[in-house]
Each structure stands twice: as C-alpha cells, then as structure tokens.
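Please open the structure in your viewer and keep the sequence panel beside it. The tour below names what to select at each stop and then says what is there.

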Amino acid sequence: MSARLLPVPDGLDGMRVDAGLAKLLGLSRTVVAELAEAGDVLVDGRPAGKSDRLTAGGLLEVTLPEPESPVQVIAEPVAGMKIVHDDDDIVVISKPVGVAVHPSPGWTGPTVVGGLAAAGLRISTSGAAERQGVVHRLDAGTTGVMVVAKSEHAYTVLKRAFKERTVDKGYHAVVQGHPDPTRGTIDAPIDRHPRHDYKFAVVAGGRPSVTHYEVVEAFRAASLAHVKLETGRTHQIRVHFSALRHPCVGDLTYGADPVLARHLGLTRQWLHARTLGFAHPADGRWVEFEAEYPDDLARALEILRDESY
C-alpha cells in the first residue's frame with residue numbers, strides 16, 4: 001500500500017469525491033468509490049464518502065493498493081467463438097456464453113483475447129498485453145457480436161468512436177411481461193448496488209445511462225425487444241429492464257422468474273448483442289455486422305413462439 005498527500009485544486013471545488021479523485025489520479029470512479037468505502041480516502045484527516053463534496057485547498061490523503069502483477073494471456077481455442085470478419089485492422093467475432101473478453105484476476109475461464117491468440121491472429125496495439133485490441137466489452141454471460149482492433153490506428157479510432165458514441169450497438173432481449181409503452185427510452189443513472197457490490201442498480205447520483213427499446217414481438221408472458229444503447233454501463237440493459245419490473249428472462253440476479261427460466265431451459269439472461277455498426281478505421285466507410293442467436297436463446301424463443309407461454 002502507498003499513501004499520497006495532495007491538496008484539492010481549485011478546479012475540483014464542489015466536485016464529488018469519486019468524480020474529482022478519478023480525474024486527479026487517473027483512476028475509474030468505481031475504483032475511487034471502492035477506496036472510499038474501505039476508508040482509504042481522507043479529507044482533512046476525516047474519512048470521506050464517495051458522494052461527499054471536495055473543497056478547494058482541503059488536504060487529501062489517499063491510500064492506494066499496490067499495482068497487481070500482470071495477468072498472463074493463455075492462448076487456447078474457445079469453443080463456439082466464430083470469426084465474422086477479419087482484415088488488417090479489425091477482427092469481428094461472435095462471442096459465446098461463459099467467455100470473458102480478456103484475462104483478469106480471479107477469472108479462470110476462456111477469454112476472447114486467448115481465443116484470438118490460439119487462432120493465430122496477431123494483435124499489435126498499445127496497452128496491457130492482456131487487453132491489447134480491446135475497445136469494448138460484453139459480460140461473460142452475454143453472447144453476441146464484438147470487434148477487436150488489430151492495429152494501433154484501428155485501436156485509437158475505435159476507442160474514440162466508442163467514447164464519442166458514434167458506434168451503433170443493437171441488442172435483442174427477451175424481457176418478462178409487456179413493457180408499456182412498447183417503444184421508449186430509459187434514462188436512469190447506474191452505479192454499484194448499495195448493498196450487493198456484485199451487481200448494479202439505478203442509483204441517484206450514479207453514472208448517466210440511456211437505453212432505447214422497441215418491442216418487436218409479444219408472447220403471453222414475455223416480449224422480444226430490440227435495444228439500442230446510448231451509453232455502455234456494466235449490466236446496463238439488465239439493470240434498466242429490472243428497474244422497469246420487466247427483467248430479462250432468465251436473469252435471476254436481477255429478479256427474473258426462476259420457474260419461467262427453467263421452463264425455457266435458460267441458465268442465464270436472454271440477452272444477445274445482435275448487431276454492431278461503425279465507421280471502418282481504415283477508410284471511414286460504414287460497416288455493419290450481425291451475430292446469430294446461440295442455441296440456448298434460439299430454443300427458448302422457439303418455445304415462447306410455439307406455446308405463446
């Protein structure tokens with residue numbers, strides 16, 4: 001552990017502790033929030049909460065954890081991972097369930113980065129070796145289309161595109177019940193759940209999060225929705241539909257009905273990254289890619305259609 005002492009600059013006066021320290025130290029707001037919860041952020045000698053406000057000239061004392069040792073990339077084939085498109089700048093894949101995007105402490109399962117290495121695809125971009133080429137992520141439990149940058153130029157261009165929200169991300173989700181209205185926008189801030197830090201929730205003062213949806217097919221007890229993300233928060237679609245009391249079918253973490261999940265043979269949320277569109281980093285032309293439904297989601301959808309359950 002290492003402690004840092006520094007005054008609060010004038011430019012951070014009135015800012016929340018998590019936002020201000022993230023800006024000052026180059027850390028994520030989530031990391032700063034975790035430090036504050038652990039009592040590792042002091043302002044003028046007193047523990048500060050993540051939502052406390054900073055005052056210019058105050059003395060900050062932050063205890064930082066030692067940096068973690070690098071995570072090794074293990075090249076191993078990933079069953080079910082399909083390459084949708086491959087050129088000199090990008091590789092587009094269809095990610096199967098149970099696969100993380102990159103290695104991380106505590107994760108022992110397969111990864112997209114490891115699968116690409118096993119397929120002989122060379123990724124040459126800056127950043128930590130285990131995250132080279134990663135410009136966006138899908139949860140391990142979410143399937144679908146994603147892009148990995150292969151060149152430094154593509155990495156820079158795509159990182160900016162995701163940050164500036166010029167990428168078109170289309171998801172399909174089967175949610176419980178029938179959202180009303182059938183077409184709408186969910187604009188609700190998201191942060192870590194106040195009591196369960198393994199999940200997220202709509203929280204006042206959280207990070208701005210916007211989800212657009214349209215119901216494209218209705219069944220007796222569920223609806224298939226086409227979802228567009230304006231922001232890309234962790235678990236965003238799952239959290240937003242849970243907040244509407246229409247959780248993704250099979251998503252027991254966020255309140256889905258376990259009886260319906262068992263009936264449909266689902267062991268995870270019915271959520272799939274269906275389409276991805278962006279300006280190709282090589283020449284700026286608009287490209288779009290699509291990933292077919294994996295077997296478990298396709299079977300569940302077939303049951304809903306056949307039975308109108």
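The stops run from model confidence to strands, loops, aromatic rings and charged pairs.

**Confidence**

This is a predicted model. Colour the protein by pLDDT: the mean is 91, and 96% of the residues reach 70 or more. Select strand E1 (residues 2–7), where confidence is lowest, at a mean of 80. Then select strand E15 (residues 286–290), where confidence is highest, at 98.

**Strand E6 and its neighbours**

Select strand E6 (residues 90–95). How many of its residues are buried? Six of its six residues are, and the strand is mostly covered. In a regular strand, side chains alternate between the two faces of the sheet. Show the side chains of E6 to see each face in turn: Ile90, Val92 and Ser94 are on one side, and Val91, Ile93 and Lys95 are on the other. Both faces are covered, Lys95 being among the buried residues.

Add strand E5 (residues 82–86) to the selection. E5 and E6 pair in the antiparallel sense over four bridges, and they form a hairpin with three residues between them. To find the register, pick Ile83, which stands opposite Ile93 in E6.

Now add strand E7 (residues 143–149). E6 pairs with E7 too, in the antiparallel sense and over six bridges. Here the residue to pick is Ser94, which stands opposite Val145 in E7.

**Two loop residues**

Move along the chain to His102, in the loop between E6 and helix H3 (112–118). Is His102 buried or exposed? His102 is buried, because its relative accessible area is 9% and the cut-off for buried is under 20%. Show Arg137 as well: the side chains of His102 and Arg137 make a polar contact at 3.1 Å.

Next select Gly120, in the loop between H3 and E7. Gly120 has a relative accessible area of 62% and is exposed. Draw a distance from the C-alpha atom of Gly120 to that of Ile303: the two atoms are separated by 39 Å, and the residues are 183 apart along the chain.

**Aromatic rings**

The structure holds three aromatic pairs. Select Tyr213 and Phe241, one of these pairs; the arrangement is edge-to-face, with 5.6 Å centre to centre and 70 degrees between the planes. Tyr213 lies in strand E12 (residues 210–218) and Phe241 in helix H5 (residues 236–243), so the pair ties together parts that are 28 residues apart in sequence. Tyr213 counts as buried at 6% relative accessibility, and Phe241 counts as buried at 0%.

Select Phe278 and Phe289 for another aromatic pair, this one tilted: 5.9 Å centre to centre, 40 degrees between the planes. Phe278 is in strand E14 (residues 271–279) and Phe289 is in strand E15, 11 residues apart. Both Phe278 and Phe289 are buried.

One further ring is worth a click. Select Tyr293 and Arg274: Arg274 lies over the face of Tyr293, at 4.4 Å from the ring centre.

**Charged pairs**

Side chains of opposite charge can pair when their charged atoms come close. The structure holds 12 salt bridges, and the last stops visit some of them.

Select Lys50 and Asp191. They form a salt bridge, with the closest N and O atoms 3.4 Å apart. Lys50 lies in the loop between strand E3 (46–47) and strand E4 (59–64), and Asp191 in strand E10 (residues 190–192), so this pair ties together parts that are 141 residues apart in sequence. Lys50 counts as partly exposed at 22% relative accessibility, whereas Asp191 is buried, with a relative accessible area of 14%.

Select Asp139 and Arg238. Their salt bridge has its closest N and O atoms 3.7 Å apart. Asp139 is in the loop between H3 and E7 and Arg238 is in helix H5, so the pair ties together parts that are 99 residues apart in sequence. Asp139 is partly exposed, with a relative accessible area of 24%, while Arg238 counts as buried at 8% relative accessibility.

Which residues share salt-bridge partners and join into one network? They are Arg16, Asp18 and Arg29. Within this network, Arg16 and Asp18 have their closest N and O atoms 2.8 Å apart. Arg16 counts as buried at 13% relative accessibility, and Asp18 is buried, with a relative accessible area of 2%.

How values were computed: Residues are numbered from 1 along each chain as its sequence is written. Side-chain values use heavy atoms; hydrogens and water are left out. pLDDT is the predictor's confidence in each residue, from 0 to 100. Buried means under 20% relative accessible area, exposed over 50%, partly exposed in between (1.4 Å probe, protein chains only). Two strands pair if DSSP finds at least two bridges between them. A polar contact is a pair of N or O atoms within 3.5 Å; within protein, one must be able to donate a hydrogen and the other to accept it, and residues adjacent in sequence count only if both atoms are side-chain atoms. Rings of Phe, Tyr and Trp (its six-membered ring) pair if their centres lie within 6.5 Å; planes under 30 degrees apart count as stacked, over 60 as edge-to-face and the rest as tilted. A charge sits over a ring if NZ of Lys or CZ of Arg is within 6 Å of the ring centre and within 35 degrees of the ring normal. A salt bridge is a side-chain nitrogen of Lys or Arg within 4 Å of a carboxyl oxygen of Asp or Glu.
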